[in-house]
There are 2 protein chains.
Amino acid sequence: MSKTDWRIGIAGLGTVGAGLLEFLAEKPGFSPTGGQAVVTGVSARSRTRPRPFDIAGLPWFDDPVELAKTPDNDIFVELIGGSDGPAKAAVEAALNAGKPVVTANKALLAHHGAELARLAETKGVPLLFEAAVMGGVPAVKIMREGLVGDDIRSVAGILNGTCNYILTEMEATGRAFADVLADAQRLGYAEADPTMDVGGFDAAHKITLLAALAFGCAPNFAAAEIEGIDQIDLMDIRLAKDLGYRVKLVASAERSADGVLVRVHPSLAPLDHPLAQAGGALNALFIEGQRIGRIFVQGPGAGAGPTAAAVAADIADVMTRSVRPVFQRPAADLKPFTPVDPSKSMGRAYLRFMVKDEPGVIAAVSETLAEAGVSIESFLQKPVEKADGVPIVLTTHAVAESVLMAAIERIANLSSVLARPRLLRIARI
Amino acid sequence: MSKTDWRIGIAGLGTVGAGLLEFLAEKPGFSPTGGQAVVTGVSARSRTRPRPFDIAGLPWFDDPVELAKTPDNDIFVELIGGSDGPAKAAVEAALNAGKPVVTANKALLAHHGAELARLAETKGVPLLFEAAVMGGVPAVKIMREGLVGDDIRSVAGILNGTCNYILTEMEATGRAFADVLADAQRLGYAEADPTMDVGGFDAAHKITLLAALAFGCAPNFAAAEIEGIDQIDLMDIRLAKDLGYRVKLVASAERSADGVLVRVHPSLAPLDHPLAQAGGALNALFIEGQRIGRIFVQGPGAGAGPTAAAVAADIADVMTRSVRPVFQRPAADLKPFTPVDPSKSMGRAYLRFMVKDEPGVIAAVSETLAEAGVSIESFLQKPVEKADGVPIVLTTHAVAESVLMAAIERIANLSSVLARPRLLRIARI
């Protein structure tokens, strides 16, 4: 083995791990620095599970921590997943051994990013995570390196392909959430336990990392406000469309004088907006900077091919021996994450009330909103088959979240209102 | 001055140069590596020309080559422009002195990229050019580093903001090319001599560089097929819209088994396509790779802010001391650029014929096309006020360029056809 060769240890052999093995077998000399990538060790939960790639010839490690520590490889690739447990132990072991780490693990970095960045930077080795956000779209590199000459104000987009697929299918086929989810699980687009995706947590991990890269603050998953798509009713997808909107799971991070607001919400995007037009499993992101203006990036957010390509790009970066801060600035200089009170944030909203079909209801709802200080932008009443009562839907002008919540409480208490009002935010994009 | 400070020499103080001075004055410590950027020398054609930024306190060099060579700076930034002359001389001088170079000069690299890459790599110093393509969108970094784990098949997009602005204005206001161009010149969106932009040459420089990054071949500007927007008639913008398309100046580079095809053409994009929706001075790019699928990026393609931010990102890269090949792979390994004969390429087309308003014309045109082997997809005849004759417009199914050209020749010779048929390509996107 010549000295320019790089020995790679890979822990975790699911979809991405198998894709990476395939990639490295096809293109061992992919790096522009001239070195060959040689897989010198693998680890996974099961050695014998059927895989698209034969691992019989590769040195096997039962324990990923051992693989991370062994001097027999130069780069440790962590594709195990999970915010704690073996993934965290192995990444820490590799960094402690002074070994560069490449990971696709958004949960790990969203929870422990600042601490791991400090460890990596103390040891002087790179910790790279391109594959953690937007699959093959180099969103992390764009934020960390490409936009380092700007002050970023906000990032917002669609970061979870599974949710986007489900919402797209619900609208296209007119089927309910549970039906489409079951299909997605059968097709392998959703996990057996879909909570991480449909609960909005995966998108929240990713926007937490983008916020850290954008604003130079420590990742703070606990500060993210999270709502998933599991409560989305087909009726809202249809009524929103009647009002000129499409429902998307939008993850956003905004910086203001008060601090940073990180949120994941099912949100309405105007039908002609690029976010509304990013269908299926696509990911899409707007980045707004003081100097660069608005940049938009879009691409497949998951899958073995794109994600393995992103891991390979990180491996190539390690081979150049360049070492940059893990997030936007050195770990020791990361600003504390100051969360903004979301109740003070301003925004437009979509509200649906199921009401009794009787005279005076519209008047009661609109008077209550007016008294609460919520100004109506558009209004739609439309009979819906098989529904309990009649839906009234409306969009509001920009209003403080606390005012909106108080108004919803008052309306929920009206005798003509049959169920808890449904709130969807209109994306600020 | 502490040893982590970086001394910057800047040659060329036009819009981008002034923007960079402003940026470095505001954020001298922008780099995540901890060094301060200090401007230790400037050079421009005129020392006294009014500028938005006062340069009186900065060391002045009459000759950019002297600025490039002086040991008093560590990084040379070339913002002079032009493929030869002082820009080339200064970049060569800096590289020969073993000094990292950052440039926004697409013409220089499109013409002399392989030779300059060889020089930079021999000297072991970076030659970076993020600001040369798509302004603040880090398209070069995406291609060179972010997608290095993939095999790129094609790149295609809108790379010249001036042309995009003019086309957008023509459609929106119904004014002719010359009128809108004159306005754009008055507003500073177009140069006094607009040939570089409206002739398609600027877009061709940029797509030449993207092709080199995408396919690992030496940049070869001479091989680009170039058509600008200076012959675009308002009538075609309107008729194309009737057929569901918008006219855009599309630059594309495609790789096939035979070689690489690099083209810049006014082209038709379907109205609901992201390229059709990128209006005004926006730039937009599709990148298609074997593993990553299709990635789309969009943002402001020019202006002092975005471009200065891109230059600053390159300066930050230099500060990390990472040295990568200038294009996709080491200069010595760049593949020779093998151009594909464009006459063999297949594509759909929009054709407009001005004909005499007399019986049998449609039959004559459509028979001639059929005999030549061109199959019609859609057809529109529509009277147009103040036009010489009546326009017939049609779109074809995919056809070899040589067959299409032969058919156009035959139709041009029909007695009922009044003027040379107008051909616009339908973008393959």
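## Where the two chains pair up

Let's start at the strand pairing across the chains: strand E11 (residues 293–300) of chain B and E11(A) run antiparallel to one another, joined over three bridges. One of the pairings to look for sits at A:Gln298, whose bridge partner in E11(B) is B:Phe296. As general background, strands of a sheet pair through backbone hydrogen bonds, in either a parallel or an antiparallel sense.

This is a predicted model, with an ipTM of 0.95 and a pTM of 0.95 given by the predictor for the complex. For chain A the average pLDDT is 94, and 99% of the residues score at least 70.

## The wider interface

Zooming out from that strand pair, 42 residues of chain A are in contact with 42 residues of chain B. On the chain A side, the elements that give two or more residues are helix H5 (139–146), strand E11 (293–300) and helix H12 (304–319). H12(A) supplies the largest share of that side, with nine residues.

What is the chemical make-up of the side of chain A that touches chain B? Its residues split into 23 nonpolar, eleven polar and eight charged.

## Helix H5, covered from both chains

H5(A) is worth a closer look. Is this helix mostly covered or mostly exposed? Mostly covered: eight of its eight residues are buried. Among them are A:Lys141, A:Arg144 and A:Glu145, along with A:Val140, A:Ile142 and A:Met143. The buried list also takes in A:Ala139 and A:Gly146.

The cover comes from both chains. From chain A, it includes helix H9 (201–215), strand E10 (282–289) and E11. From chain B, helix H5 (139–146) and helix H12 (304–319) are part of it.

## A parallel sheet in chain A

Elsewhere in chain A there's an open sheet of five strands, in the order E2-E1-E3-E4-E5, with parallel pairing. Its edges are strand E2 (37–43) and strand E5 (127–128), each of which pairs on one side only.

Inside that order, strand E3 (residues 75–78) and strand E4 (residues 101–103) of chain A run parallel and are joined by three bridges. If you want a spot to check in the viewer, A:Val77 stands opposite A:Val102 in E4(A).

Helix H1 (residues 15–26) of chain A packs on this sheet, where H1 touches strand E1 (6–11), E2 and E3. The direction of H1 makes about 160 degrees with that of E1(A).

How values were computed: Residues numbered from 1 in each chain as written. Chains lettered and ligands numbered in written order. Predicted model: local features only at pLDDT ≥ 70, side-chain atom pairs only at ≥ 80, totals over all residues. Contact = placed C-beta atoms within 7 Å. Helix = DSSP H or I, 4+ residues; strand = E, 2+ residues; numbered from the N terminus. Nonpolar A, V, L, I, M, F, W, Y, C, P; charged D, E, K, R; others polar. Pairing = 2+ DSSP bridges. Buried ≥ 20, exposed ≤ 12 C-beta atoms within 10 Å, placed from the backbone. Axes fitted to C-alpha atoms, helices over the stretch in contact; angles between N-to-C directions. pLDDT = per-residue confidence, 0-100.
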